[in-house]
Amino acid sequence: MSHIPSLDPNVAARKGFRESEERLKRFWTAVDVAEGEGAQGSSWAVTLDGRTPKTPAHAPLRLPTEAAARLVADEWAAQGEFIDPGTMPATRLASTAIDRVSQVREAVADEIAAFAGSDLVCYLADHPTSLAVEQASCWTPWRDWAALELGVVLEPVEGVIHRAQDPAAVARTRELALRLDDFALTGLAMATPLLGSAVLAFALQRGRVEGEAAFELSRLDEAFQERQWGVDAEAAERTAARRAEAVLLDRWFRALES
């Protein structure tokens with residue numbers, strides 16, 4: 001094969017392709033990873049028939065660890081006759097890290113820090129009492145963990161009225177985010193809005209909580225409402241998709257550590 005195209009895995013979805021003839025066909029047979037030198041030193045490239053595919057911005061698809069590269073390579077290997085972008089979340093994370101986050105690190109850190117200013121684990125229900133008790137029991141240990149391990153001290157609030165947190169806690173969150181490399185920062189930037197919490201996102205990134213457990217901690221109110229009123233099929237499907245994203249982010253962070 002003489003050429004590996006610059007491929008955005010989301011291009012088909014964005015253009016709304018409906019006909020199989022318009023979808024991008026699989027153009028490779030063998031998938032592997034190969035160690036080499038990248039812009040930041042030693043790295044691992046995904047290879048398709050021995051050649052490295054490109055990100056949407058035409059950068060080589062290279063990752064900092066073998067485990068992370070294999071996580072991405074497995075998605076390419078699993079493709080059928082046509083590429084399905086929805087089954088390639090790790091590829092999307094890698095491309096985002098390489099093409100976008102590397103260029104806007106300060107802005108990404110600002111967004112993560114903003115969540116610390118109104119973090120989910122700080123907002124306890126004022127009623128019903130049973131939900132408030134559950135939130136206090138589940139979330140207080142994570143606020144305590146953030147204070148001890150991260151140096152981010154956040155105060156709890158009853159009700160939904162916003163109360164500003166100590167600017168030092170927000171600044172500390174931003175500082176910690178900027179210490180991460182582009183790939184971990186990308187995962188953190190995805191995990192924070194998914195969970196509604198910079199605290200839970202950092203706990204996931206650092207391996208202090210597993211992805212599914214972090215997701216369940218983030219939806220205590222939603223789960224409480226489901227127990228009261230039940231859940232329809234559409235809502236269950238959305239929840240399952242978000243849970244799968246949290247699990248993938250856990251795998252992403254662990255692969256970056258390997």
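Student: Where is Q79 found in this predicted model?

Tutor: Q79 is in the loop between α2 (66-77) and α3 (89-99). Helices are DSSP runs of H or I with at least four residues, strands are E runs with at least two, and both are numbered from the N terminus. By that rule the chain has 11 helices and five strands. Residues are numbered from 1 along each chain as its sequence is written. As the model is predicted, local features need pLDDT of at least 70 and side-chain atom pairs count only at pLDDT 80 or more, while totals for chains, interfaces and linings use all residues; side-chain values use heavy atoms, with hydrogens and water left out.

Student: Why is Q79 called buried?

Tutor: The relative accessibility of Q79 is 6%. Buried means under 20% relative accessible area, exposed means over 50%, and partly exposed lies in between (1.4 Å probe, protein chains only). The 6% of Q79 falls under the first limit, so Q79 counts as buried.

Student: Which residues does Q79 contact, leaving aside neighbours within four places in sequence?

Tutor: They are R26, W28, D84, T87 and M88. Contact here means heavy atoms within 4.5 Å.

Student: D49 and H58 are both in the loop between β2 and β3. What makes D49 partly exposed?

Tutor: D49 has 33% relative accessibility, which lies between the two limits, so the middle label applies. H58 has 55%, over the upper limit, and therefore counts as exposed.

Student: What is noted about the backbone of D49?

Tutor: D49 has a positive phi of about 50 degrees although it is not a glycine. H58, also not a glycine, has a positive phi of about 70 degrees.

Student: How do you know whether the peptide bond from H127 to P128 is cis or trans?

Tutor: Its omega is near -5 degrees, and the bond is cis. P128 is in the loop between β4 (123-124) and α5.

Student: What makes a set of residues a nonpolar core?

Tutor: The members must be buried Ala, Val, Leu, Ile, Met, Phe, Trp, Tyr or Cys residues, joined through side-chain atoms within 4.5 Å. The largest such core has 69 residues, and L63, V72, W76 and W252 have the most contacts inside it. Not counting residues up to four places away in sequence, L63 touches a list of residues including V72, F183 and W252. In the chain as a whole, 43% of the 258 residues count as buried.

Student: How many aromatic pairs are there?

Tutor: The count is four. F27 and W28 form an edge-to-face pair, at 4.8 Å centre to centre and 80 degrees between the planes. Rings of Phe, Tyr and Trp (its six-membered ring) pair if their centres lie within 6.5 Å; planes under 30 degrees apart count as stacked, over 60 as edge-to-face and the rest as tilted. The values for F27 and W28 meet the distance and edge-to-face limits, so the label follows. Both F27 and W28 are buried.

Student: Why is the pair of W142 and W145 called edge-to-face?

Tutor: Their planes stand at 70 degrees, with 5.7 Å centre to centre. Both values satisfy the same limits, so W142 and W145 are an edge-to-face pair. They are three residues apart in helix α5 (residues 129-150), and so are separated by about one helical turn. W142, at 15%, and W145, at 12%, are both buried.

Student: Which residues do ring pairs link into a cluster?

Tutor: F27, W28 and W76.

Student: What makes a space a cavity?

Tutor: On a 1 Å grid over the protein atoms alone, a cavity is a set of points where a 1.4 Å probe fits but cannot get out; lining residues have an atom within 4 Å of a point. Points are joined across faces, edges and corners, and the volume is the space filled by probe spheres set on them. There are two cavities of 30 Å³ or more. The second largest holds about 30 Å³ and is lined by L150, V152, T173, A198, V199 and F202. Helix α8 (residues 198-205) gives the largest share of that lining, three residues.

Student: Why is α8 described as largely enclosed?

Tutor: Eight of its eight residues are buried, so the rest of the structure largely encloses α8. The cover over these residues includes α4 (105-116), α5, α6 (167-178), α7 (182-195), α9 (211-218) and α11 (233-257).

Conventions
On a 1 Å grid over the protein atoms alone, a cavity is a set of points where a 1.4 Å probe fits but cannot get out, and a pocket is an open set with protein on both sides within 12 Å along at least five of seven lines; lining residues have an atom within 4 Å of a point.
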